[in-house]
Structure formats: structure tokens, C-alpha cells
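Ready for a walk through this one? Open your viewer and keep the selection tool handy, and we will go from stop to stop.

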Amino acid sequence: MDGWYVDERCFNCDVARQLAPDLIGEAEGKSQILRPPHDEKETRDLHAAVFACPTRSIRPSSGQPDRRLDPFPMALDSGVLLCGHNSKHTAGANSYLLLRPSRTVMMIDTPRWSRELAERYAAVGPITDVLLTHRDHAAHGRRYADHFGARLWIHEGDLDAAPDADQVIRGLEPLEIGEGVTAHPLPGHTRGSVLYLADDRYCFSGDSFYWSRTTGDLDVADSVTWYSIEELATSLARTAGLLRFEWVLPGHGDRRRLSADEMCRRMEALAERTRRLRPRPVDFTAVRW
């Protein structure tokens, strides 16, 4: 489309469509360019999709994309930045930088590894902790933690994915891991899934739940649940009433900001819907992006 195309490496991770939903759509299980950008904002949106795509599949036929338009890390809110540069080794998961009042930073899950990117993220502020939500997103955790001189966190249920983690979250009880930041174990998607709640404002939900553009609501990826959908239902029932936040910031699936009261209502409803789900075969094509 006007010199832009999506190549055959696309594996339908949805990242590009989150960043440029008016320009990039889905067809036959892959992303496709819908139309060229019409103005400067849409050009920036398209380049955000380009530099987030884990397979670098969004390309101009005229050559390489303009690296001067790489927006990452990109502010989503006053306290959170999106890392971009998603990694194939985490199935294209989103990762984030959480800014703390002490002027330090926490990284939640990880983008692709490169020293240049690590230095770019470190320029935001001293990164003290790398928080892994679960095993699927552990690929680059040790390299980033070592580069930053940061602590690497994971839950004991997924410890075999990061056996050299510095801090291990155990059991099911919430754990305060920093001022204003609490880890909530949420087994279901994997045995060691965790969400991180910050400042009663930000919920980094990993792959436990996300905002679905298809349903217009919070949703779970019950067709891609590696451990137990029944355990996820139990986790949500136990945890939903403890969580108060405005932003849902998942690894896979879209982001959304609503009032804290509205998010509470939707979390309770999600817990009830998940309670009625039953195990099903893994099917990536059935995810309701």
C-alpha cells in the first residue's frame, strides 16, 4: 500500500495493530497495511508499529524505515513508558518502564536485547529492578538486569525459566517489592504468573488478562493457557477485589485506561466470566485481539 507492506515473517502478535489501528488490520491470520498515513501523526503511528514489530515485518518497499522516527521508549502516561522493540523470543510481548518517585525506574518484562537499546532505556533513569511476569517473557531478563546492575524478579512457579533470578516471589500472598509496587501471584496462564500493581494506577498483567478490541472489555486468552484456566479463574476470584488501578498494561493484547471504579467493576465481571470457562486445546488463532 503506497510502498508499505507486511512481509511473510509476521506471526500475528497484534503489536502493530495496537499502535496503528487505523492503518494496520488483520487478514487471514496476519497483519496487513490498510492504507498509507495521511498526516504527521499517522506517520508517527506507523513508525511506532515498525519499530515495535518483533519480526520487523512492516517495511517500505523503497528501503529501510526512517530511524529518526523511532519513538521508543514512548510515554503512555506520566509514570509509564512503552519500551517497543518487541522480541521474537518473548512471542512479541510488550514491555514497560515504570518511573518511580525516587527518580529510579523498574522494567517490566523485556524488549529485544541490544546494548544500544539497553543504554537508551537506562538514559530514562537508573533501572533498579527487572520484573518478569512469567516464564514466556524471561528470555532477556538476565542480560538486561546485568547491564543495569538491577535485581531480576520471578515467581517460584516459573523459576526454571530464570533460575539465576535475584529475587524469588513465593506462594500466593501479595508482596510489596518497592514503595508503591506490589506483586500479586496469579497462577493460571502459567504456574508462576504474576501481575505487578503500582501506585493504585498501573496494572502490569503479563498474559493473565488484557484489553480486547474485539469484545471492548477485559478478557483472558483462554485458548492460550499453558497451566490451567480453572486456576486462573480461582486467581482472579481471589485477587479482583484487591486490585485498584486505572491502566491495564498487558504483555499480549491491548492497553486501556478507565476510571479505577470502572476497572474494579470490569475485573469482578471478568472473574465471573472466567469461572465459567473450561479447558480447551491451545489455539493461537482463537485469541480475541
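Start by selecting His134. Setting aside neighbours within four places in sequence, His134 is in contact with Asp158, His189, Thr190, Gly192, Ser193, Gly206 and Asp207. Keep in mind as you look around that this is a predicted model.

Is His134 buried or exposed? Its relative accessibility is 0%, and buried means under 20%, so His134 counts as buried. In the chain, His134 belongs to the loop between S9 and H4. For a sense of distance, add Ser78 to the selection: 56 residues separate His134 and Ser78 in sequence, and their C-alpha atoms are 26 Å apart in space.

**Zoom out**

Now show the whole protein as a cartoon. You should find six helices and 19 strands. Along the principal axes, the C-alpha atoms fill a box of roughly 55 × 45 × 35 Å. How does the radius of gyration sit with that of a compact globule? A compact globule of 289 residues would have a value near 19 Å, and the protein has 18 Å, so the two agree.

Colour by burial next: 56% of the 289 residues are buried. If you draw the contacts between residues at least 6 apart in sequence, 58% of them join residues at least 24 apart. Switch to a surface and you are looking at about 12,600 Å² of exposed area, with 48% of it supplied by carbon and sulfur atoms. For the charges, select 37 positive and 43 negative side chains; the centres of these two sets lie 2 Å apart.

**Helix H3**

Select residues 115–122, which form helix H3. Which residues of H3 are buried? They are Leu117, Ala118 and Tyr121. These three cover an arc of only 100 degrees around the axis, which means that they sit on the same side of H3. An α-helix has 3.6 residues a turn, so residues three or four places apart point the same way. To see what covers the buried residues of H3, show its surroundings, including strand S7 (96–99), strand S8 (105–108), strand S9 (127–131) and helix H4 (141–148).

**Helix H5**

Move on to residues 229–239, helix H5, and pick out its buried residues Ile229, Leu232, Ala233, Ser235, Leu236 and Thr239. Their arc around the axis is only 160 degrees, so they lie on the same side of H5. What do the buried residues of H5 pack against? Display strand S13 (181–185) and helix H6 (260–275), and you have the partners.

**Backbone stops**

The last stops are best seen with the backbone drawn as sticks. Select Phe72 and Pro73: a cis peptide bond joins them, with omega at about 0 degrees. Pro73 sits in the loop between strand S4 (58–60) and strand S5 (74–77).

Go next to Arg103, in the loop between S7 and S8. Arg103 is not a glycine, yet its phi is positive, near 70 degrees. Arg103 has a relative accessible area of 72%, and exposed means over 50%, so Arg103 is exposed.

Finish at Asp200, where phi is again a positive value in a residue other than glycine, near 55 degrees. You will find Asp200 in the loop between strand S14 (194–198) and strand S15 (202–206).

Terms used: Residues are numbered from 1 along each chain as its sequence is written. This is a predicted model: local features need pLDDT of at least 70, side-chain atom pairs count only at pLDDT 80 or more; totals for chains, interfaces and linings use all residues. Side-chain values use heavy atoms; hydrogens and water are left out. Helices (H or I, at least four residues) and strands (E, at least two) are DSSP runs, numbered from the N terminus. The radius of gyration is taken over C-alpha atoms; the globule rule is 2.2 Å times the number of residues to the power 0.38. Buried means under 20% relative accessible area, exposed over 50%, partly exposed in between (1.4 Å probe, protein chains only). Contact means heavy atoms within 4.5 Å. Accessible areas come from the Shrake-Rupley method with a 1.4 Å probe; for residues, only the protein chains shown count as cover. Lys and Arg count as positive and Asp and Glu as negative; His and the chain ends are not counted. The place of a charge is taken as NZ of Lys, CZ of Arg, CG of Asp or CD of Glu. The arc is that of the directions from the helix axis to the C-beta atoms.
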